[in-house]
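These are my notebook entries on one predicted model. I went through it strand by strand, then turned to cores and to the contact between chains.

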Amino acid sequence: MNNVSRYPILAALTGLVTLLAAVTVSWQWLAAPSIFDIEMRLPGKDGAPARSQAARQAVDLVGVFQAFDGVPSVCEGSWPRFRGPDFDNIVKESAPLADHWGASGPPILWSVELGEGYAGPVVWNGRVYLLDYDEEERADAIRCLSLEDGREIWRRFYYVDVKKNHGMSRTVPAVTDDMLVTIGPRCHVVCLDPVTGGFRWGIDMQRDYGAEEPLWYTGQCPLIDGSRVILAPGGPDVLMMAVDGETGEPVWTTPNTPGWKMSHSSVVPTTIAGRYMYVYSAVGGVVGVAADGPEAGALLWQIPWNARVIAPSPVPLGDGRIFIAAGYGEGGMMIRVQENGGVFSAEVLYRHGPREGLAAEQHTPIYYDGLLYSIMPKDAGALRSQFVCYDPDGTLVWSSGQAQRFGLGPFLFADGKCYILGDTGELTMLRISRTAYEELDRAQVLHGHDAWGPIALVGDRMLLRDLTQMVCISVGAVS
Amino acid sequence: MDSRDKIDRREFIRAAAVLAAGGGAWMAARPDAEGMVWQIDPAKCIQCGRCATNCVLNPSAVKCVHTYEICGYCDLCSGYLQPGAKARDTGAENELCPVGALKRKFIEEPFYEYTVDEERCFGCAKCVKGCGQFGNGSLHLQIKRDLCVNCNECSIARNCPSDAIRRVPARRGYLFKQWVSGEESEG
């Protein structure tokens with residue numbers, strides 16, 4: 001006799017319990033959310049329209065001219081373009097500058113209200129030029145102010161819609177005796193007479209060359225080289241071009257064979273192996289373009305770099321090496337450009353993330369006396385937001401330390417000193433040192449925020465700005 | 001010692017009871033006599049991720065919150081997108097949030113609005129860290145008052161490496177970031 005026959009009640013109970021358990025499990029399984037309730041995380045759920053270069057309305061770049069009663073200053077000196085006369089943010093010959101400001105800080109000579117943004121000024125023949133944004137007129141406003149007292153001499157504005165997207169204005173003009181050139185946040189290029197403000201020509205790099213506006217508008221600053229203006233539209237056909245300063249007509253164009261795009265970086269001239277060339281850090285990679293001779297406009301070398309947002313400009317070291325930086329997690333790289341039998345090529349010497357070596361998010365590092373100086377980005381680990389000094393071989397020389405961190409703001413070298421503007425308008429003065437961070441003084445010169453616009457220095461007059469205000473201060477030594 | 005100087009046990013208990021009753025009445029009568037609750041100070045938070053795993057609740061009572069007036073409404077949002085994301089869209093492979101709790105919605109060119117799905121958020125702080133590194137820092141962590149059981153000894157406070165969790169009066173409850181004169185401050 002088997003066990004089932006021997007214990008029929010036990011067998012029945014076991015079967016019942018098994019059946020109940022099976023029903024319970026089945027019920028729970030059936031009642032559980034269906035796999036069809038799982039939300040598929042797929043592209044296109046944000047309702048964004050397809051990204052396209054939709055035709056946009058033409059802008060009348062001639063715009064409107066207004067004259068005011070400001071008078072140019074008799075102060076000598078100039079700050080003619082982005083990063084100064086030599087593109088390096090170093091003032092070679094300056095007036096003696098103060099080592100200390102005292103409790104009251106450096107004297108504020110004048111101030112002006114600006115539209116929201118980060119546009120920096122240039123100075124030429126006693127005039128301050130700035131591409132502002134007029135929020136009431138909804139217009140890019142090219143303003144000419146007196147270096148003496150900040151009073152406006154003239155302005156020319158053209159209507160263009162720019163929404164607040166981390167400020168509106170962005171760029172630094174370029175000026176010579178012959179022309180004043182600006183690039184607006186929406187990629188409009190305008191050339192004016194620098195004295196009268198008379199309109200010469202205008203180019204819409206989006207409409208005319210298919211340029212794709214970078215995120216947060218363009219930060220590219222124009223380059224005037226002799227009688228030509230160098231621009232980098234990064235459109236489908238033209239990566240870089242030179243236009244005649246008199247007419248705005250193209251002199252040469254560089255085909256965009258790599259298919260790279262416009263960044264916030266600016267074109268930098270340099271000479272390598274006796275060849276004068278323009279270096280540009282585009283979205284996609286870095287290029288060198290012949291700047292003169294019959295080959296002007298030819299692509300000499302290129303090296304890919306997959307950085308998404310590039311604000312700093314290339315830093316040539318003078319020996320064929322060029323340091324490149326980008327924010328948003330990218331870091332930096334050192335490349336070497338060489339010539340062999342008339343053919344140029346570029347190689348990467350080293351490349352690193354922001355935690356492993358020299359990096360910059362917004363402002364271009366300064367190369368001075370064989371060392372590189374920069375403010376590290378916020379994702380640089382222990383060095384985040386510190387002012388640092390690196391050997392070009394990639395070795396950290398010194399940093400400002402945990403207690404001395406800065407924002408995204410600009411910095412400039414003059415008279416053996418370094419001036420760093422913090423995000424909220426605190427100006428720090430250092431002695432430039434090869435061995436250590438050596439602070440001289442600090443002063444609150446602005447009281448707003450996002451003080452990210454580049455600094456200009458002419459004589460002992462320093463121009464600085466925050467999001468909505470520009471000040472002219474005297475940093476000269478008191479005799 | 002003279003026995004008359006001694007306090008007997010009964011007198012001691014009586015005095016202690018009077019003192020306790022008086023103290024309790026005084027405490028209750030104070031204008032600020034209210035409960036204290038645990039909250040995260042965004043200025044001290046280092047986004048270590050421990051809030052997600054150290055709360056006695058599962059999922060954690062800590063959630064990401066968003067101060068919209070600080071947000072830049074950017075297309076390239078470092079709080080929403082993975083570093084090096086191939087595309088700026090809602091594909092899971094591009095999202096930084098492991099559970100898709102941060103949602104994005106197109107408003108108008110070039111602006112996007114970001115909202116937190118609290119049902120999904122478990123306080124890992126990945127988005128908060130990303131937002132603070134490149135953005136304005138509008139995303140931050142807070143202990144949700146409707147979820148928190150207000151333990152006497154908060155488990156995440158005990159394990160917080162930056163002492164970012166402290167007691168605040170219940171009537172405030174939160175330490176939201178605010179935009180005041182261009183600076184982030186507590187609300």
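Entry 1. I began with a single bridge: A:Ala414 has A:Lys417, in strand 29 of chain A, as its bridge partner. I then looked up the pairing to which strand 29 belongs on this side. Strand 28 (residues 411–414) of chain A runs antiparallel to strand 29 of chain A, and four bridges join the two. The hairpin of strands 28 and 29 of chain A leaves two residues between the strands, and A:Asp415 has a positive phi near 55 degrees there.

Entry 2. I next followed strand 29 of chain A to strand 30 (residues 426–431) of chain A. Five bridges connect these strands, in the antiparallel sense. As a point of register I noted A:Tyr419, which lies opposite A:Met429 of strand 30 of chain A. Strands 29 and 30 of chain A also form a hairpin, here with four residues between them. In that turn A:Gly425 adopts a positive phi of about 90 degrees.

Entry 3. How many residues of strand 29 (residues 417–421) of chain A are buried? I found five of its five residues buried. I checked the faces separately. A:Lys417, A:Tyr419 and A:Leu421 are buried on one side of strand 29 of chain A, and A:Cys418 and A:Ile420 are buried on the other. Both faces of the strand are therefore covered, taking 20 or more other C-beta atoms within 10 Å as the mark of a buried residue.

Entry 4. I turned to A:Ile455 and set aside its neighbours within four places in sequence. Its remaining contacts include A:Tyr419 and A:Leu421, both of which I had recorded as buried in strand 29 of chain A. A:Pro410, A:Leu412, A:Met462, A:Leu463 and A:Leu464 are also in contact with A:Ile455.

Entry 5. I looked up the nonpolar cores. The largest has 141 residues, and A:Ile455 is among those with the most contacts inside it, together with A:Val122, A:Met240, A:Tyr278, A:Leu457 and A:Leu464. Strand 14 (residues 238–244) of chain A supplies the largest share of this core, six residues. A second core, separate from it, holds 38 residues, including B:Cys74, B:Tyr80, B:Ile143 and B:Cys154.

Entry 6. I examined an open sheet of four strands in chain A, with the order 20-21-22-23 and antiparallel pairing. Strand 20 (315–316) and strand 23 of chain A are at the edges with a single partner strand each, so one side of each has no neighbour in the sheet. Strand 21 (residues 321–326) of chain A pairs with strand 22 of chain A over six bridges, and A:Arg321 is opposite A:Arg336 of strand 22. Between strand 22 (residues 331–340) and strand 23 (residues 343–352) of chain A I noted nine bridges. There A:Gly332 is partnered by A:His352. Two residues separate strands 22 and 23 of chain A in their hairpin, and A:Gly341 in the turn has a positive phi of about 60 degrees.

Entry 7. I closed with chain B. Its four helices and eight strands follow the order α-β-α-β-β-β-α-β-α-β-β-β along the sequence. Of its 187 residues, 34% are buried. For contacts in chain B between residues at least 6 apart in sequence, I recorded that 73% join residues at least 24 apart. The contact between the chains takes 19 residues from chain A and 22 residues from chain B. On the chain A side, six of these are nonpolar, eight polar and five charged.

Definitions and conventions:
Residues are numbered from 1 along each chain as its sequence is written. Chains are lettered from A and ligands numbered from 1 in the order in which they are written. This is a predicted model: local features need pLDDT of at least 70, side-chain atom pairs count only at pLDDT 80 or more; totals for chains, interfaces and linings use all residues. Two residues are in contact if their C-beta atoms, placed from the backbone, lie within 7 Å. Ala, Val, Leu, Ile, Met, Phe, Trp, Tyr, Cys and Pro count as nonpolar, Asp, Glu, Lys and Arg as charged, and the others, Gly among them, as polar. A residue is buried if 20 or more other C-beta atoms lie within 10 Å of its own, exposed if 12 or fewer, and partly exposed in between; C-beta atoms are placed from the backbone. A nonpolar core is a set of buried Ala, Val, Leu, Ile, Met, Phe, Trp, Tyr and Cys residues joined through C-beta atoms within 7 Å. Two strands pair if DSSP finds at least two bridges between them.
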